[in-house]
Amino acid sequence: MESFERVSTGIPKLDQMLGGGLLKGRTYLVTGETGVGKTILSLQFLLDGLKKGERCIYVSLDERIEGVLRGALSLGWDFWEHIESGLFYPFEFRLFAEDLRRFGKESKAFVNALEKIAHGKAINRIVLDPISALAAGAREELVIREYLREIVNAVEERFGATTMLTCDIPTGSNKLSRFGFEEFLSSGVIVLGIMRFYGKLLKTMYVRKMRWSKADPSIYIFEIRPLEGIVVLEPLSEKVDESMLSKI
Ligand SMILES: Nc1ncnc2c1ncn2[C@@H]1O[C@H](COP(=O)(O)OP(=O)(O)OP(=O)(O)O)[C@@H](O)[C@H]1O
Ligand SMILES: [Mg+2]
C-alpha cells in the first residue's frame with residue numbers, strides 16, 4: 001500500500017531508484033565532491049516543479065545567482081521565464097562566520113527571510129545549495145548542528161515544501177556529508193561521485209538512504225546532457241562486467 005505522496009526529482013530513473021520519488025514535504029540531501037553535478041540535479045528538481053506550475057525557491061549559498069542561472073542556460077534551461085511568470089524565486093544568501101553565533105541563536109531569521117521571498121504564498125519546492133556553506137567558518141560543531149537542524153525543522157513545518165539540500169564533501173573523502181550529521185536531518189541521501197575508469201572519468205549515483213521506501217541498492221552511471229540534464233545510464237556493475245569480458 002502506498003501511503004505517501006511522492007514528488008518527482010525530474011529524473012525518471014532516480015525516482016525509480018528512490019522507490020517512486022521523494023516523499024512530499026520532506027528534506028533530502030544531495031551530496032558529492034565538487035563539480036559532480038549537485039547544483040544541476042537540484043535545478044532539475046526545481047525545473048520539474050516549475051513545469052507543473054509549482055512555486056519554487058532556489059537559495060544559492062556560495063555562487064552568485066546570475067552565474068548559476070547563466071550556467072543553467074548553457075544546458076538550455078531558461079529559468080528567467082519562470083521568474084517572469086512569478087513561480088521561481090532565486091535568492092542569494094551569504095553568511096559570515098561572525099554572524100553564525102547570532103544566527104545560531106535565531107536561525108529562524110533565515111527561515112523568515114525565505115518566507116519574505118515567498119510573499120506569504122505557498123511554496124512547493126526549496127533548494128539550499130550548498131548547505132555546507134551556511135556553516136562555513138564556524139568552529140563549534142554544536143552551533144552548526146543546532147543551526148542546520150532548526151532550519152530544516154522550520155522549513156518542513158512552515159512551508160511543507162519538499163526540500164533538497166546539497167552538501168559538498170572534500171575530494172577523496174569517504175564521508176557522506178561535510179559535518180557528518182546532515183544525513184541524519186534528511187529523509188534520504190543521494191550520493192554523486194566521480195571515478196576513474198580506463199583513463200576516463202565516470203559520474204556515479206546511488207541512493208544511500210531513503211526513509212519509508214525500498215530503494216534500489218545499485219550504483220549507476222550518469223551523464224549530464226544539454227536539455228535533458230542528468231540522465232541515469234546502466235548500473236556500474238554492468239559497465240565493469242563488460243570491460244572484463246572484452247579482455248577475455
Ligand atoms: N552545459 C553542460 N553540458 C554538459 N555538462 C555540463 C554542462 N555544464 C556543466 N556540466 C557538467 O556539470 C558539472 C558541474 O555540475 P554542478 O555545478 O552541478 O556541480 P556541483 O556538484 O554543484 O559542484 P560544486 O560543488 O562546485 O558546486 C561540470 O563538472 C560538468 O561536468
Ligand atoms: Mg554546486
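Colleague: How do the residues of the shell around ligand 1 divide into nonpolar, polar and charged?

Modeller: In this predicted model, the shell around ligand 1 holds five nonpolar, six polar and two charged residues. In total, 13 residues surround the ligand, and the closest are Gly35, Lys38, Thr39, Ile40 and Ile224.

Colleague: Which helix gives the largest share of the shell around ligand 1?

Modeller: Helix 2, residues 38-51, does so with three residues.

Colleague: How should one read the sheet, and what is the order of its strands?

Modeller: Strands of a sheet pair through backbone hydrogen bonds, in either a parallel or an antiparallel manner. Here, nine strands form an open sheet in the order 5-4-6-7-3-8-9-10-11, and the pairing is mixed. Strand 5 (88-92) and strand 11 (229-235) each have a single partner strand, so one side of each lacks a neighbour in the sheet. From one strand to the next, the twist averages 25°.

Colleague: How many bridges join strand 4 to strand 6?

Modeller: Strand 4 (residues 56-60) and strand 6 (residues 125-129) run parallel and are joined by five bridges. One bridge pairs tyrosine 58 with valine 127 in strand 6.

Colleague: At what angle do helix 6 and helix 8 pack?

Modeller: Two packed helices are described by the angle between their axes and the distance between the axes. Helix 6 (residues 108-117) packs on helix 8 (residues 141-159) at about 35°, and their axes lie 9 Å apart. The crossing is right-handed.

Colleague: Which residues of the two helices meet?

Modeller: Lys108, Phe110, Val111 and Glu115 of helix 6 meet Glu150, Ile151, Ala154, Val155 and Arg158 of helix 8. This contact has five nonpolar, no polar and four charged residues.

Conventions: Residues are numbered from 1 along each chain as its sequence is written. Chains are lettered from A and ligands numbered from 1 in the order in which they are written. This is a predicted model: local features need pLDDT of at least 70, side-chain atom pairs count only at pLDDT 80 or more; totals for chains, interfaces and linings use all residues. Two strands pair if DSSP finds at least two bridges between them. Helices (H or I, at least four residues) and strands (E, at least two) are DSSP runs, numbered from the N terminus. Axes are lines fitted to C-alpha atoms, for helices over the stretch in contact, and angles run from 0 to 180 degrees between N-to-C directions. A residue is near a molecule or strand if its C-beta atom, placed from the backbone, lies within 6 Å of it. Ala, Val, Leu, Ile, Met, Phe, Trp, Tyr, Cys and Pro count as nonpolar, Asp, Glu, Lys and Arg as charged, and the others, Gly among them, as polar. A crossing is left-handed if the near helix is turned anticlockwise from the far one by less than a right angle, and right-handed if clockwise. Two residues are in contact if their C-beta atoms, placed from the backbone, lie within 7 Å.
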